[in-house]
Amino acid sequence: MNETQKQELTKKLFEIAKKEIGITYRKNDAPLPNAGSKIGGMPDVPQGFVWPWFSGKAYGEEENVSRPLSFLGQINLRDVAHLDEEGLLPKTGILSFFYELETMTWGFTSEDKGSARVFYFPTEEELSAAECPADLDESLILPELALDYQSQISLPDYGCFEVDMAFEY
């Protein structure tokens, strides 16, 4: 590939590149603060929060099931506001993620509806740690890990689009 071709390819890549917020995790020596960004542990929720459950037929099961979703993690949006250059997210509040880890549905069929849930709590001041339902198997409770964020560049997967990359070598 000659220098002109490299410059043309670089130009095309920058045209399709998007900024993203990268997430890494780490073990924390001290307990995380209330409403802190984290994977696992117990979610910080408002009073009266009703733990989400999946009810229906999961893939490969013949009968309806009803089981609590696992808490995956929460993002304190204050932690990522400075990285959200396009302003796509609220500047404050908590996003909490839950998922049915026992069958790990893909969400491709209507039977999977309710197997994943995301909650947005606009204020963090009135949140406190929830207690998980007794029906949630201990093996489906993730260990608590702290989250860190960084700005990154993202490119679409090659299979997502067709590109004329006819270069002479």
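Select Glu8 to begin: in this predicted model, its relative accessibility of 38% makes it count as partly exposed. Adding Lys12 to the selection brings in a second residue that counts as partly exposed, here at 29% relative accessibility. The side chains of Glu8 and Lys12 meet in a salt bridge, with 3.7 Å from N to O, and both residues belong to helix α1 (residues 3-16), where they lie four residues apart, about one turn of the helix. This is one of seven salt bridges in the structure.

Next, select Asp148 and Arg26, whose closest N and O atoms are 2.7 Å apart in another salt bridge. Asp148 sits in strand β10 and Arg26 in strand β1, so that the pair links parts of the chain 122 residues apart. Asp148 is partly exposed at 28% relative accessibility, and Arg26 is likewise partly exposed, at 36%.

With these two strands in view, display the whole of β1 (residues 18-26) and β10 (residues 145-154), which run antiparallel and are joined by nine bridges; within this pairing, Ile21 has Ser151 as its bridge partner in β10. Strand β2 (residues 38-39) also pairs with β10 in the antiparallel sense, over two bridges, and there Ile39 stands opposite Leu145.

Keep β1 selected and turn to the largest pocket, which holds about 230 Å³ of space. Its lining comprises 16 residues, and those nearest the centre are Glu20, Ile21, Leu83, Asp84 and Leu89. The elements giving two or more residues to this lining are β1, α2 (77-80) and β10, with β1 giving the most, at four residues. Coloured by residue class, the lining divides into 10 nonpolar, one polar and five charged residues.

Now move to Arg67 and Glu102, a salt bridge in which the closest N and O atoms are 3.4 Å apart. Arg67 lies in strand β5 (residues 65-68), while Glu102 lies in the loop between β7 (94-99) and β8, 35 residues apart. Arg67 is buried, with a relative accessible area of 12%, whereas Glu102 is partly exposed at 49%. Add Glu100 as well, since salt bridges that share partners join Arg67, Glu100 and Glu102 into one network.

Finish with the aromatic residues, among which the structure holds seven pairs. The ring centres of Phe49 and Phe119 are 5.2 Å apart and their planes stand at 80°, so this pair is edge-to-face. Phe49 lies in the loop between β3 (44-46) and β4 (53-56) and Phe119 in strand β8 (residues 116-121), 70 residues apart. Phe119 is buried, with a relative accessible area of 14%. Extending the selection to Trp51, Phe71, Phe98 and Phe121 completes the aromatic cluster that these residues form with Phe49 and Phe119.

Technical notes:
Residues numbered from 1 in each chain as written. Heavy atoms only, no water. Phe/Tyr/Trp six-rings, centres within 6.5 Å; stacked < 30°, edge-to-face > 60°. Buried < 20%, exposed > 50% of the residue type's maximum accessible area, 1.4 Å probe, protein only. Pairing = 2+ DSSP bridges. 1 Å grid on protein atoms, 1.4 Å probe; cavity = no way out; pocket = protein on both sides within 12 Å on 5 of 7 lines; lining within 4 Å. Points joined across faces, edges and corners; volume = space filled by probe spheres on them. Nonpolar A, V, L, I, M, F, W, Y, C, P; charged D, E, K, R; others polar. Salt bridge = Lys/Arg side-chain N within 4 Å of Asp/Glu carboxyl O.
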